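Please go through the predicted model shown here. The briefing below covers fold, surface and packing.

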Amino acid sequence: MHEFVRNTSIIARREFVAYFSTPLATVFLIIFIALTGAFAFYVGGFFERGQADLAPFFQYHPWLYLLLVPAVAMRLWAEERKSGTIELLMTLPISPWEAILGKFLAAWAFIGVALLLTLPMWITVNVLGSPDNGVILAGYVGSFLMAGAFLAVGSCISALTKNQVIAFIVAATLCFLLVMSGLELVLNVLRAWAPGFLVSAVSSMSFLSHFDRIAKGVLDVSSLVFYLSLIAFALFANRIFVELKKAD
Amino acid sequence: MAVLIEASDLEKRFGEILAVDGISLEVKRGEVLGFLGPNGAGKSTTMKMLTGFLEPDAGSARIAGIDVSDEPKRAKRQLGYLPEGAPCYGDMTARGFLTFIAEIRGFDRDEAKRRVAAAVEKTQLSSVLEQKIETLSKGFKRRVAIAQAILHDPQVLIMDEPTDGLDPNQKHQVRRLIADMSADKAIIVSTHILEEVEAVCSRAVIINRGRIVADGTAEDLMRRLPYHNTIAMHVPAGRAEAVTKALTEFAAIARVETVGTANGRVRLRASPHAGAPIPSELAALIRSRLIEAEEVHVERGNLDEVFRQITTSDAGTSHA
């Protein structure tokens, strides 16, 4: 167990530093902060609402993650395969799980950094009024969990291709479907022909409905289980894809 | 001597293609095995199975007595591997990369430092340690990858084309490095540069279409060569017939051929009977200029020809 933690953290550290050795980190962080701010102030009407909360800020996170998280995830395995370093990595004395988890945690921590950099939003709203900081904390936790779920899907797709652009597009599309599956627009199309259990299954898969609840301060078990099991499932698929595709 | 690398009946299929078709071999401590074969023969695939990167479809691989499929982590600890193309993380500095490898190999901070320093010295990387690997020349990149493989001083070293893309000096360096390490390790080196086999390998295996078609020392392989030990000479065009006649009179000479004509000189090749040494009388005759020849030399044959002969003939499945 000790060895598992050690190896995973060595992999994660390498991977985390790798983000900052290219302009990707800077570009990502700037765009993330600029967009979360812009959406909250201009689209969400942060000031006009006259309420001391961060709802207009969190509201657009699913849509931002849709594009930004696959950009973080796309290189995780596609680059290893393209450059051939996967052969090096997988012949080191580590288990595949240590590599998969290490990479995933590094990317997740990177998104965590991006989220932390939005703390001025939280400070602003506390200066301007007296918000319910518990709800805001729940919002951050929910946002981070949701990012993790997007990321696990992205990592899993990244293991399927050597091409980062393809990894990005496929992951973004999948994430889009996962977000959209909660919208009435989609559910109505389904209701026309699908049995009821399928409709509710699809709607319960939605990132949006789970995130909405968390963002309102309801950090219930079902949403936690939803995101965590989605992460577990995607990483499990990731493991299989790495095994299947590593030699191509 | 302990057998450190052991493959038994390894098989690997990619779709319809049987890439490796029952390869068995053993490499003992102190041996450097040259792994030869044309592109696509199954060299790299075999190495990937030996190192645990690929799971064999049938058969098994053992490193230092440990089955690679059953206990991959333990087996991989005994192993240094230079994959084909010497992949490294290009966004890291050479020092950062080697330190990462040392850490993942389980060395603590001080030991990791010491190991990195030792590997850097052996591969002469100190001048580029702080540079990003992607900015390095091909020769340096390869040496970083080699440093990575030897960092933990493994008992077993498997290197896929270690000198590919290096200049002659660097090739020489890498070969010397391999030779220096060979005493207490079992090493497999794949290559298609045959001089490399003569330079560093104590044994050579030729594989073709996923099977071993020859296994022996470099000399063993050369003995299979049609022109091994033949005498090549240039004689003035007018003297060719007389010299041919004189040579044919020797009982030791099986036949004399005219190979070509250039610049008014004829190139002759005299082949002794299989395996027979060149008779000393013949050497004396040439020296005394009774056989009038400019430029005489004994052809050792070269591995390239054995290689071509073995890998292009359909019947090339006999074992040496």
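The points that follow describe the fold and surface of one chain and then the nonpolar cores.

This is a predicted model, in which local features need pLDDT of at least 70, side-chain atom pairs count only at pLDDT 80 or more, and totals for chains, interfaces and linings use all residues. Residues are numbered from 1 along each chain as its sequence is written, chains are lettered from A and ligands numbered from 1 in the order in which they are written, and side-chain values use heavy atoms, without hydrogens and water.

**Fold of chain A**
- Chain A contains 14 helices and zero strands (DSSP runs numbered from the N terminus: H or I of at least four residues for helices, E of at least two for strands).
- The C-alpha trace of chain A spans about 55 × 50 × 35 Å along its principal axes.

**Burial and surface of chain A**
- In chain A, 49% of the 248 residues are buried (under 20% relative accessible area, 1.4 Å probe, protein chains only).
- About 10800 Å² of chain A is exposed, with carbon and sulfur atoms supplying 74% of it (Shrake-Rupley method, 1.4 Å probe).

**Nonpolar cores**
- The largest nonpolar core (buried Ala, Val, Leu, Ile, Met, Phe, Trp, Tyr and Cys residues joined through side-chain atoms within 4.5 Å) has 149 residues.
- Its largest share, eleven residues, comes from helix H9 (residues 133-158) of chain A.
- A second, separate core of 15 residues includes Met233(B), Leu268(B), Leu282(B) and Ile286(B).

Key. Buried < 20%, exposed > 50% of the residue type's maximum accessible area, 1.4 Å probe, protein only.
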